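Q: I have the model open and would like to go through its sheets and cores. Could you take me through them step by step?

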Amino acid sequence: MLFRSFSLYKLYPKMKNKKIILYIIGLTVIVTAIILITVNFKKKIVNANNPEFAKYITAYSSGVISKNDPVQIKLTSSVTEKIKDKENLPGNLFNISPSVDGKYTLINNTIEFTPKKSLQSDKEYFVEFNLGKLIKINTELQTFGFKFKTIKQAFDYSIEEQKTIDKKTLKYQQITGHVNTADAANPENVKNILTVTENGKKLSVKWTSDIDKIEHKFVIDSIERFDKASKIKLEWNGKAIGADKKEEKEINIPAIGDFKLMSSKVVQLPEQFLQLQFTDPLDETQNLNGLISIDGISGLRSEERRVGKECRSRWS
């Protein structure tokens, strides 16, 4: 009995200490959660519609912007005139949520905050601009709160041309097209949104992007033609650029010796013409007069011009 009593005596303080520790941990979690909720609630007060700010701020980033755009605040001249050192602005002028690292500069009357990294796509950001750090101002106008959202990334594509590039054997074709992204996309990442295969063999795709990184052109080379008609598979996956899009497309590849009209389209600029595209280059000596007409159109002024395997008919 003495042994049992002694054991319980030693165990009881340990159990009591455990309860105290758990109580302290639980209380800490609750207090931390309350602080975070309070701080977040306080941070997300949008007061940009207060007409009193018009004396100091004339414009700011709002609505939907590109993930690569700077965050801008345009001040009135009366404010910028009071900024003594325009090269070294006060610290912490911007508080952005979610948190964003970057730097800001004053250009004429506009303060631009440029993030170190691109903002997240399809994300809402809340900004506090600490106007009170630039000029003496009433307490209720010390902080200018506003929000904006970044563009949701997406893309679409089109096939522009499919042509036979080997004029002697007529064995190889080339396909060109372009991709338009909703927002700027890293060209290296764009290269990973398209996979092209022919009979299980992966084909080469060459890419070029414009300076804004919105339009991206591609060329699928060395598509082989066989004795029988075949197909190539285009697999699109926008994951690499943060776009939620996946799809497949098959393009018919004509057999060698199978001469036919592949496509037709009306081009408006830089001049209006009808473009007819054939599987193989046209015979340069072929007389096209009377072979092409358009139903329902009278007084057609046409001029046939051969461009590789295309026949173009212009009219006015």
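Q: Let's start in the middle of a sheet: what stands opposite Ile 73 in strand 6?
A: Opposite Ile 73, in strand 6, stands Ile 111. This is a predicted model, in which local features need pLDDT of at least 70 and side-chain atom pairs count only at pLDDT 80 or more, whereas totals for chains, interfaces and linings use all residues. Residues are numbered from 1 along each chain as its sequence is written, and side-chain values use heavy atoms, with hydrogens and water left out.

Q: And how many bridges are there between strand 3 and strand 6?
A: Four bridges, in the antiparallel sense; strands here are DSSP runs (E, at least two residues), numbered from the N terminus, and two of them pair if DSSP finds at least two bridges between them.

Q: Which strands make up that open sheet, in order?
A: The order is 1-3-6-5, four strands with antiparallel pairing. Strand 1 (57-60) and strand 5 (102-107) are the edge strands, each pairing on one side only. From one strand to the next the twist averages 15 degrees, with axes taken as lines fitted to C-alpha atoms and angles running from 0 to 180 degrees between N-to-C directions.

Q: Which side chains of strand 3 are buried?
A: Val 71, Ile 73 and Leu 75 point to one face and are buried, meaning under 20% relative accessible area with a 1.4 Å probe and protein chains only, while Gln 72 and Lys 74 point to the other face and are not buried. In a regular strand, side chains alternate between the two faces of the sheet.

Q: OK, which residues touch the most others in the largest nonpolar core?
A: Of its 30 residues, Leu 75, Phe 94, Ile 111, Phe 129 and Phe 146 touch the most other members; a nonpolar core is a set of buried Ala, Val, Leu, Ile, Met, Phe, Trp, Tyr and Cys residues joined through side-chain atoms within 4.5 Å. A second, separate core of 21 residues includes Leu 194, Val 196, Ile 223 and Ile 241.

Q: Changing topic, what about the open sheet with the order 9-10-14-13?
A: That sheet has four strands with antiparallel pairing. Strand 9 (155-164) and strand 13 (205-209) stand at the edges with a single partner strand each, so one side of each is left without a neighbour in the sheet. Its twist averages 20 degrees from one strand to the next.

Q: How many bridges pair strand 10 and strand 14?
A: Strand 10 (residues 172-181) and strand 14 (residues 215-224) pair over eight bridges in the antiparallel sense, and Val 179 stands opposite His 216 in strand 14.

Notes: Buried < 20%, exposed > 50% of the residue type's maximum accessible area, 1.4 Å probe, protein only.
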